[in-house]
Amino acid sequence: MILACNHIKKAFADEVLIKDASFHINEQERMAVVGINGAGKTTLLRILVGELSPDAGEVIQKKDTTIGYLPQQQGYHSDNSIYEELLAVKSDIIEQDKEIRTLEQKMSHTDGAELEKLLNRYHQLQTSFESGDGYTYKSKVLGVINGLGFGGDVMHKCINHLSGGQKTRVALGKLLLSEPDLLIMDEPTNHLDLESIRWLETYLTNYKGSVLVVSHDRFFLDRIAEKVVEIDHGKITVFLGNYSSYAEKKEALREAFIHQYYSQQQEIKHQEEVIAKLRQFNREKSIKRAESREKMLDKIERLEKPDEYNKTMNFELTPARISGNDVLQVDNFTKSFGENHLFENISFEVKRGEKIAVIGQNGTGKTTLLKMICGMEPVDHGTATTGANVEIGYYDQEHNVLHEGKTIFEEIQDDYPDLNNTTIRNVLAAFLFTGEDVFKPIHLLSGGEKGRVSLAKLMLSQANFLLLDEPTNHLDITSKEILETAINNYTGTVLYVSHDRYFIHRTATRILDLTSHKLLSYPGDYSYYLEKKDTMEKIHLNQSFTAGSSQSGSGRTNTASKQDWKAQKELEAQKRKLENAYKKTETEIENLENRIAAIDEEMSLPENATSAAKLMELSKERDEKEAALTDAMEQWEQLALALETL
């Protein structure tokens, strides 16, 4: 055991955040803390690292344990570059290296007893230098810099010129390089792109110390967590396993508790009815029996009514009208900011009903792309054309559409005056704003709460083409699940930017990867993207190389060009052959299904139902058609696979 909580309690004013927290984390164990926004996760971390004192209970840590803490917000300033700031973490190793070099120079001009003294110090330093990764510290620093997306010239940027999110990444890098016995991190994947998150997962999985993390990234928790601590209405429950295991066990416990609660309520009601009946008899014996039952009823430890909002929300997104099949056509989009070239000549189309995720590393221009589509950012080159009856609704991750001086209720009521109070409350309840919460001022809301209000407004807009920029940022897991359900049930079209892999996996029907100034399309979900990613990127690189070589005219002979042309023609011919066979098989399947349906109708006719010979004839033909249909379906699947591979 490296750290333990014993009966921790914490309240602010009349609100009890943590009632009785007891758990421990072992050496080299990776643990996650989960709960809805406002449950007390950050408060618990601050108690663990000593920033807050508990009202009761104690935190015990193993002697000489080093703890590193990453809070959500970073406000520090430094004139150092990113590289200098991270390298400074290894200052003790750097000083040892300098002293070793100094000793080497001194020893070359010293002898006798003084030399012996220098040699002893030299050997001590060498041992400490080697055990402290003295020969690898620079590569470790560069590995963390590249892993967190600061490679190339970016590593030389001054800390004071970085955004808040970039400063948080620098702080994360410093924490990882300090290598404490226990890493405590509050939302470490915020501000990281997909590549950096995957890198962090691998880093933490191989980390020699212990890890305690608060996160709403379910893919991330699945990869790293071995134990999950849940905070739910102040109660602490420990689950062994990763997030998926926790979610399954949690749901089973919730269902069991609901069953226990209603069973108890039924028994209480029954006893109360019996007591009332006994008192109606108004006899001495019946009154004594009633009093005896009342005493037994008073001794029952009554279960609290379970909170059932998690899985029962059903909020539907309903566009005011249906758009045409062609929702959006983007042709040759190009965008630069000075010398920063984001992308050039990217083209894609969006069809009605698609749920498309735009992914890519930070700084590739994903948000800019959305803003260009809806006219909020000027286009350097290219066009974006929307189809018939397309109405765009835009979700801004900065929540600039909200009015800080209004309450949540007023924000909805003023924009949608036709909605009555009950409807507004029902909408807000779907986004976890109930009771007096609906009258909270916007300026007092957290980032996650503002996100939920913005989403509620967007979903009331009845737009049929939603553009969402990081819609899950700052949302807790419950809110994400509500949003996932709403998007999956949405009959319109959605194009969104996200780094949330679990959300992408649950909602995306197609993925657009903005990489190397180009847009690669993957016609499937996140699993399909992972499966095809390497292949697609190799094809893209080969195409870029071929195009570049062709334009420069170097390294390509006429013979090679002819061979490429011939190979291309052969591929096209093979593709046409497969497509023709595919269409032919589809037609055959349709004909067979129609004939089987016709046979079923013939067999049900009265004149055939009484004829054994006719029924046998029809039955035999039906069996033959069923067998042929099975063969045709298998052939269709093989052709589909061959086309996809080609």
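**Exercise 1. How much accessible surface does the protein have, and what share of that surface belongs to carbon and sulfur atoms?**

Before we start: this is a predicted model, where local features need pLDDT of at least 70 and side-chain atom pairs count only at pLDDT 80 or more, while totals for chains, interfaces and linings use all residues. Residues are numbered from 1 along each chain as its sequence is written, and side-chain values use heavy atoms, with hydrogens and water left out.

*Solution.*
- Step 1: take the total, which is about 34700 Å² (Shrake-Rupley method, 1.4 Å probe).
- Step 2: carbon and sulfur atoms hold 49% of that area.
- Step 3: now look inside. Of the 646 residues, 41% count as buried (under 20% relative accessible area, 1.4 Å probe, protein chains only).

**Exercise 2. Set the radius of gyration of the protein beside that of a compact globule of 646 residues.**

*Solution.*
- Step 1: get the globule value. The rule is 2.2 Å times the number of residues to the power 0.38, and for 646 residues that lands near 26 Å.
- Step 2: the protein itself has 33 Å, taken over C-alpha atoms.
- Step 3: add the box. Along the principal axes, the C-alpha atoms fill roughly 120 × 110 × 55 Å.

**Exercise 3. Work out the open sheet of 3 strands.**

*Solution.*
- Step 1: count the elements. The protein has 21 helices and 18 strands (DSSP runs: H or I of at least four residues, E of at least two, numbered from the N terminus).
- Step 2: recall that strands of a sheet pair through backbone hydrogen bonds, either parallel or antiparallel.
- Step 3: write the order, S11-S10-S13, with antiparallel pairing (at least two DSSP bridges between two strands).
- Step 4: find the edges. S11 (340–351) and S13 (381–386) each pair on one side only.
- Step 5: zoom in. S10 (residues 326–337) pairs with S13 over 5 bridges, and Gln 329 stands opposite Thr 385 in S13.
- Step 6: add the helix. H12 (residues 366–373) packs on this sheet and touches S10 and S11 (contact: heavy atoms within 4.5 Å). Its direction makes about 125° with that of S10 (lines fitted to C-alpha atoms, for helices over the stretch in contact; N-to-C directions, 0 to 180 degrees).

**Exercise 4. Do likewise for the open sheet of 6 strands.**

*Solution.*
- Step 1: the order is S5-S6-S7-S3-S8-S9, and the pairing is mixed.
- Step 2: the edge strands are S5 (67–70) and S9 (235–240).
- Step 3: S3 (residues 30–34) and S7 (residues 210–214) run parallel over 4 bridges, with Val 33 opposite Val 214.

Note on methods:
Buried < 20%, exposed > 50% of the residue type's maximum accessible area, 1.4 Å probe, protein only.
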